[in-house]
Amino acid sequence: MRWWSVANFVSNAGTWMQLTVQNLLVLQITGSAAATGLSMSVQAAPALLMSVVGGAAVDRWPRKLTAAVSQALLGAVAFTTAVLVACGGLNLTVLMALAAVTGVIATVDGPACALLGNDLVPPQDVPSAIGVGSLVHSAGRLAGAALGGVTVGFLGTAAAYAANGVSFLFVAAVIPFLRPAYGAVRGAVAERPAPARATVGEDMTVRQGLAFFMRRPRLVALAGITGISAVFGRNYNLTLVVLVTGPLAGSAGAFGTVSTVLAVGGIVGAVLGARLRKPSVRLVGTLAAAGGLLQVLAGLSPTFAVLLVLVLPMAVVESISDTAGTTVLQTDPPAHLRGRVLGVWGSISTAWGLGGPPALGLLMELAGARGALIGGGLLVAGSIGGGFLLRGRRGTVPVLVRTDAHEAAPRPALGTAA
């Protein structure tokens, strides 16, 4: 698990280094901000359509081999991009095609690496492993964003892509030496139905993964909670930048300070989330509602200093909620269905990611930055609270049946007509 965490840190740092310079590269090629947004959408679009298929592949194929091959393929795409940039042969069409290929590979790589990390610890330690993964992701994001600017400044854009390629190959080289925990392997075999254990490939259809997800109320509730939070409560890079530079009259440097506080809060939340043992959907909803109320207070902030005080707990609550939700998502399904469930989740979360910013942008156009934060926060907290109330009313109520003291004597049992 330590080796896997180091490899993930290196990979995340390389990925965020590439993402940092990719937008600059598109701007250099086209000079269009719209093209920059289009390149991000092209890379995310395959997850909307193919995540379920990728999750089914993860359930069907050996997990270590799947993760190693997908990492190597991502590394090959990064090296190809680096060569094209260095040779001056990269245009917008080729860049879009490479982004689409990256998105397709990621539909398999994401669930494979997530479940492989869980296999490295006993089942009771999976929440802690997910918390460690969240911490590594946050730290890698900070390091990658910082290294991206330094690398481009001293070595050029091609070097950032090459460094990301090296990070993928490092992960692929580490995977063969990872040893799954005995308890995790034993649990996965025990949870697989007997026919599926007997014949590899049975019980592996995409439709079964979709059916399991839709028939599992707690997963549907988790999707609803996370969806409304993602659209109206999590896009702080959009809402807070307008609030800081607009009503609070701050500079771009001031928003940089807010971003740093958000990152620190994410790390603190990941550390706290790693201490969770058995998180529930109710905990995820409670934390999301608390985050919505904090967002309302942030929208009412009279000064930049007050906003900074509120931003830290907002990030902490969000990070703990994410860790708890990921734990439920990765541990609730049977072991042989987890890849497909993660695939379904990938499609759903991609839809939120593509549709959320335009919807929030429209709300900001109509109500302003403060109105979007306040209205969005109230919508998140109110929806989750209303869902809890409805669920409580639908609970089973015991019914007392009154019996008469002079009940008729029971009928004699019917005999057989021999």
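Student: In which helix is the place of aspartate 119, and is the residue buried or exposed?
Tutor: In this predicted model, the place of aspartate 119 is in helix 4. Its relative accessible area is 18%, and a residue counts as buried when that value is under 20%. Aspartate 119 in helix 4 is therefore buried.

Student: What distance separates the C-alpha atoms of aspartate 119 and methionine 1?
Tutor: Along the chain, aspartate 119 and methionine 1 are 118 residues apart. In space, the separation of their C-alpha atoms is 9.3 Å.

Student: How many helices and how many strands does the protein have, and what percentage of its residues is buried?
Tutor: The secondary structure of the protein consists of 15 helices and zero strands. Of the 418 residues in the protein, the buried ones make up 43%.

Student: What share of the contacts with a separation of 6 or more joins residues 24 or more positions apart?
Tutor: The contacts considered here are those in the protein with a separation of 6 or more along the sequence. Among these contacts, residues 24 or more positions apart account for 86%.

Student: Which residues of helix 11 are buried, and why do they line one face of the helix?
Tutor: Helix 11 covers residues 236-245, and its buried residues are Tyr236, Thr239, Leu240, Leu243 and Val244. Seen down the axis of helix 11, these buried residues fall within an arc of 125°, so they line one face of the helix. In general, an α-helix has 3.6 residues a turn, so residues three or four places apart point the same way. The residues asked for are thus Tyr236, Thr239, Leu240, Leu243 and Val244, and the reason that they line one face is the arc of 125°.

Student: Where is alanine 249 found, and is this residue buried or exposed?
Tutor: Alanine 249 is found in the loop between helix 11 and helix 12, the latter covering residues 252-273. Its phi is near 55°, a positive value in a residue other than glycine. With a relative accessible area of 66%, alanine 249 is exposed.

Student: Which residues does glutamine 295 touch, not counting residues up to four places away in sequence?
Tutor: Glutamine 295 is found in helix 13, and at 2% relative accessibility this residue counts as buried. Once residues up to four places away in sequence are left out, the residues that glutamine 295 touches are Phe232, Gly233, Tyr236, Met314, Ala372, Leu373, Gly376 and Gly377.

Student: Which helix gives the most to the lining of the largest cavity?
Tutor: The largest cavity has a volume of about 110 Å³ and is lined by 14 residues, of which Arg234, Tyr236, Ala288, Gly291 and Gly292 lie nearest its centre. By class, this lining divides into six nonpolar, six polar and two charged residues. Helix 13 (281-299) and helix 14 (304-331) each supply at least two residues of the lining. With five residues, the helix that gives the most is helix 13.

Student: How many charged residues are there in the lining of the second largest cavity?
Tutor: The second largest cavity has a volume of about 80 Å³, and its lining includes Gln18, Gln22, Val77, Leu95 and Tyr161. Helix 1 (2-30), helix 3 (63-87) and helix 4 (92-119) each supply at least two residues of this lining, and the largest share, four residues, comes from helix 4. By class, the lining has six nonpolar residues and five polar ones, while the number of charged residues is zero, that is, no charged residues.

Note on methods: Residues are numbered from 1 along each chain as its sequence is written. This is a predicted model: local features need pLDDT of at least 70, side-chain atom pairs count only at pLDDT 80 or more; totals for chains, interfaces and linings use all residues. Side-chain values use heavy atoms; hydrogens and water are left out. Buried means under 20% relative accessible area, exposed over 50%, partly exposed in between (1.4 Å probe, protein chains only). The arc is that of the directions from the helix axis to the C-beta atoms. On a 1 Å grid over the protein atoms alone, a cavity is a set of points where a 1.4 Å probe fits but cannot get out, and a pocket is an open set with protein on both sides within 12 Å along at least five of seven lines; lining residues have an atom within 4 Å of a point. Grid points are joined across faces, edges and corners, and a volume is the space filled by probe spheres set on the points. Ala, Val, Leu, Ile, Met, Phe, Trp, Tyr, Cys and Pro count as nonpolar, Asp, Glu, Lys and Arg as charged, and the others, Gly among them, as polar. Contact means heavy atoms within 4.5 Å.
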